[in-house]
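Hi,

Here is the structure I promised to pass on. Please have a look at it first, and then read my notes on the helices below.

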Amino acid sequence: SDFDVLYEKKEDTYSDLKSITKPLFIQDLILGLLSDNIDRFSNAIDSAESLIRDQKLNDIDIMVEELSSTLFRIQNKFDLDDFPLKKHKAIQALIEKEPKQMTVITVTRICDSEASLGEKHLLIECLSNAALSLSWEDSH
């Protein structure tokens, strides 16, 4: 009939899609670390330390518990190179950025019976390194 509209079928090239980039906000970082997409996860863990350190007065102070919980629990589910080091540096950066809140959170996790011995060792090492770094900054 005269009212039928015919559309030309075009194959979608997906050229208008944006590529996955590194997270810009703490919430984006958390979602990236929890993602099942290897690119998103990889970008998140790669940029975690720098994003945490670069936060001014944004959302880090109100999201410290959720971010720390995520960082404590994430596993190297995609077998990424340097994952343990990147995780360690991100946790240490978070302790240095929010030392009062993170000390309580970290010590509570260390005392948690569900935390593995390896996780406890990692957290003690992060606390130690952060304390050294903070004391070095204060003395210079």
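**Helix packing**

In this predicted model, helix 2 (residues 38-54) and helix 4 cross at roughly 30°, and their axes come within 8 Å. That angle is under 35 degrees, so helix 2 counts as roughly parallel to helix 4. Their crossing is left-handed. On the helix 2 side, the contact involves residues including Phe-41, Ile-45, Ala-48 and Ile-52; the helix 4 residues that take part include Phe-83, Ala-90, Ala-93 and Leu-94.

Helix 4 also packs against helix 6, at an angle of about 50° and with the axes 9 Å apart. Helix 4 is therefore oblique to helix 6, and this crossing is right-handed. Among the residues that meet here are His-88, Ile-91 and Ile-95 from helix 4 and Leu-123, Cys-126, Leu-127 and Ala-130 from helix 6.

**Helix 5**

Do take a look at helix 5 as well. Helix 5 runs over residues 99-111 and spans 18 Å from its first C-alpha to its last, close to the 18 Å expected for its 13 residues. Which residues of helix 5 are buried? They are Met-102, Ile-105, Thr-106, Arg-109 and Ile-110. These buried residues sit on the same side of helix 5 because they cover an arc of only 135° around the axis. Their cover includes helix 3 (60-73), helix 4 (83-97) and helix 6 (117-139). On the face turned away from the buried side, helix 5 carries the exposed residues Lys-100, Val-104, Thr-108 and Cys-111.

Best wishes

How values were computed
Residues numbered from 1 in each chain as written. Predicted model: local features only at pLDDT ≥ 70, side-chain atom pairs only at ≥ 80, totals over all residues. Heavy atoms only, no water. Helix = DSSP H or I, 4+ residues; strand = E, 2+ residues; numbered from the N terminus. Expected span 1.5 Å × (residues − 1). Buried < 20%, exposed > 50% of the residue type's maximum accessible area, 1.4 Å probe, protein only. Arc of directions from axis to C-beta. Contact = heavy atoms within 4.5 Å. Axes fitted to C-alpha atoms, helices over the stretch in contact; angles between N-to-C directions. Parallel < 35°, antiparallel > 145°, perpendicular 65-115°, else oblique. Left-handed = near helix turned anticlockwise from the far one by under 90°.
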